[in-house]
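I opened my notebook for a fresh entry, with a plain list of things to look up. Here is what I wrote down as I went along.

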Amino acid sequence: MEEKEQFFLEIYNLGIIKFGNFTLKSGMNSSIYIDFRPIASKPDLLIKLSDLLIHEVTSYDFELICGVPYAALPIAITLSLRSKIPLIIKRKENKGYGTERMIEGIYKTGQNCLIIEDVITSGDSLLKTVIDLEKEGLIIKNIMSILDREQGGIENIKKRGYNIRTLFRIGEIFEILKKKHFLKRKEIDMIQFFLRKKNIKNFKNKRISYEEKKEIISHPIGKKLIDITLKKKTNLIVSVDFICAKNILKLVNLIGDIICGLKLHVDIINDFSFSFINCLKNISIEKNFLLFEDRKLCDVGTTNLLQLHYGIHKISSWADIVTAHVLAGGMSIRNLNIPYNMGLITISEMSSYGRLSDDNYIRKALNISLKNPKVIGTVAQRKVDDRLLLFTPGIHFLKKKNNVGNNYTHPVKAFEKNRSDFIIVGKAISQSFNPKITAEEYRNAGWKAYENGL
C-alpha cells in the first residue's frame, strides 16, 4: 500500500486532479476532473504505473494488451513493453481510408486480451472497446483501471460478467491527499460535496432532458420539434403508409392533437395532389405537429437535390423534415439547398432484421450527421451523441418480428436503453380498431418512459 500511496502522490504533483465545473465524457457534470494523460510525458512514472497494474492482475493467461482510446494508450504501450506481451490498438472511429479497420495489430480469433482503462465513471467507453474486440473473436477475461470514480461504472462492468480491478478508488485517494495535507480547505469542501452527491442509481438512470437538448440543438426545426413536444407532452411520431389521401386526412384529424410529428411516404399516394398537401399543412398548423417526409434520399448530391426540389411532389415546398441515407458519403447531403425551415434526419440504423449496416457504417453515418448543420437528428437503434435528436422506428408494445422482416421495440426499451428522443409508431396505430385510443396509449407510454429516465 505504501508503494501505491507514494506513486499517487508523485503523479498528483503533475496536476492530474482539477477542481471546477466540468462535463465528463459520460455527460455527467462534476466538480472534479481527473486526467492521467500528463503521465505520458514522464517515462519513469509510466513504467512504475505499468508495474503496479500488472501486479494487480489476478490471471496472467492473456496474450494481448489493448488500451481504451486514447488516454489509456500510452499506459498500454508501456505495459506491453514491460511484459513483452503484444499490443493491439483500438480506434475510436473508422477513418474511412487505409485498411479502415477498428482494431490494428496482429491477433487471431480466440486470443485472450487484457484491457487497460484510465478512469472508470459509467464504463460506457470501456464497454464499447470490449464489444469491438469481442466482435473480432477475442476473449476478454481481465480489465484493469487506474481509478474508479465510484459512480456505478465498476458495478456496470461486473454485471456484464467481466473481471475488473482498479488501482485506486476516488474516496481512497482523497483520504491519502487529506492525510498528507495536500489539499486546501476549499478543495476539501468540494470533495466532500462530491462524495455526498454521488448516487449510483441516479447516475445510471439519468438522461438529458428536452430542455437541455434544446440548448444543444442549433437548427430551428429541431428546436421547434422540441417546443411542440414539451407543450403537448408527446414524443410520438405516427407513420402513415396509406395510399389514399382521404384516409390519411381522416386519421390525422383523429390523432393530430396527440402527436408531435406525422411521417409520410408521399410517393405511394395514388391520388397525391397539392390540394391534399394544403389540407394536411393546415391540419398540422392547427393541431401543432410537423410533417416528416420519409423520402430516404440515397443518391449523389445532384440527384438528391433534384428529388428534393422538383418532380410532382416538390418535397422542399411543404415538408418540415426529410430523411436521407448517407451511403454516398457526406457530400451527398451537403449542398442540397435546403430551406431554412426544413431539417434533415439521417438514417444511421434501420429497424429491419438482417440489415447490412454494421457498427463501422453506423459510426461513419453518425460522424457525417454531426458535421452537417442541416441535420437535426438520426434514425438508429442505439444511444447516439446528444447533439443529435434520436428517432426510433419499429415501435410496438408486442416484442416480435413481423413477416416482412421488421424488428419491433417496446417504447420503454427505446427510452431506457437507447435514450431515444422520439418514437415512431406505424401499423400498431394506423391499423388499430380505434387509432385515437391506441395513439393515446403510445403517447402516454412514451412520455412516461421519458420522464422516468430523468
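**Burial and overall layout**

I call a residue buried under 20% relative accessible area, exposed over 50% and partly exposed in between, with a 1.4 Å probe and protein chains only. By that rule, 54% of the 454 residues of the protein chain count as buried. I remind myself that this is a predicted model, where local features need pLDDT of at least 70, side-chain atom pairs count only at pLDDT 80 or more, and totals for chains, interfaces and linings use all residues. Residues are numbered from 1 along each chain as its sequence is written, and side-chain values use heavy atoms, with hydrogens and water left out.

I took pLDDT, the predictor's confidence in each residue from 0 to 100, as my next stop. The protein chain averages 88, and 92% of the residues score at least 70. I flagged residues 199-205, where pLDDT stays under 50. For that stretch the model has 14 contacts (heavy atoms within 4.5 Å) beyond four places in sequence. Where pLDDT is low, the predicted coordinates should not be read in detail.

I then looked up the secondary structure, taking helices (H or I, at least four residues) and strands (E, at least two) as DSSP runs numbered from the N terminus. The protein chain comes to 17 helices and 16 strands. Its C-alpha atoms fill a box of roughly 80 × 50 × 40 Å along the principal axes. Among contacts between residues at least 6 apart in sequence, I noted that 67% join residues at least 24 apart.

**Nonpolar cores**

Which residues have the most contacts inside the largest nonpolar core? My working rule for a core is a set of buried Ala, Val, Leu, Ile, Met, Phe, Trp, Tyr and Cys residues joined through side-chain atoms within 4.5 Å. The largest has 76 residues, and I listed L236, L262, F276, L280 and F391 as those with the most contacts inside it. Helix 11 (residues 245-255) gives this core its largest share, six residues.

I picked F276 for a closer look: leaving out residues up to four places away in sequence, F276 touches A245, I248, L249 and I269. A second, separate core has 42 residues, including I11, V119, I173 and I188.

**One strand residue**

I also looked up I116, which is found in strand 6 (residues 112-120). Is I116 buried or exposed? I116 is buried, with a relative accessible area of 0%. Neighbours within four places aside, I found I116 in contact with L53, I65, C66, G67, V68, A72, I75, A76, L79 and M144. I noted one distance too: the C-alpha atoms of I116 and N142 are separated by 9.0 Å, with the two residues 26 apart along the chain.

**Salt bridges**

I counted a salt bridge when a side-chain nitrogen of Lys or Arg is within 4 Å of a carboxyl oxygen of Asp or Glu. The whole structure holds 20 of them.

My first pick was E150 with R169, whose closest N and O atoms are 3.6 Å apart. E150 lies in the loop between strand 7 (139-148) and helix 5 (153-159) and R169 in strand 8 (residues 163-169), so this pair ties together parts that are 19 residues apart in sequence. R169 is partly exposed, at 40% relative accessible area.

Next I took K287 with D257, at 3.4 Å between the closest N and O atoms. Here the pair ties together parts 30 residues apart in sequence, because K287 lies in helix 12 (residues 274-287) and D257 in the loop between helix 11 and strand 10 (261-264). K287 is buried at 12%, whereas D257 is partly exposed at 45%.

Then came D294 with K263, the closest N and O atoms being 2.8 Å apart. D294 lies in strand 11 (residues 290-297) and K263 in strand 10, so parts 31 residues apart in sequence are tied together. D294 is buried at 6%, and K263 is buried at 9%.

I also wrote down a network of salt bridges linking K90, D132 and R363.

**Cysteines**

How many disulfides does a search of the whole structure find? I got zero, using a pair of cysteine sulfur atoms within 2.5 Å as the rule. Why is C244 not bonded to C279? The sulfur of C279 is the closest cysteine sulfur to that of C244, but it is 15 Å away, too far for a bond. C244 is partly exposed, with a relative accessible area of 28%, whereas C260 is buried at 0%.
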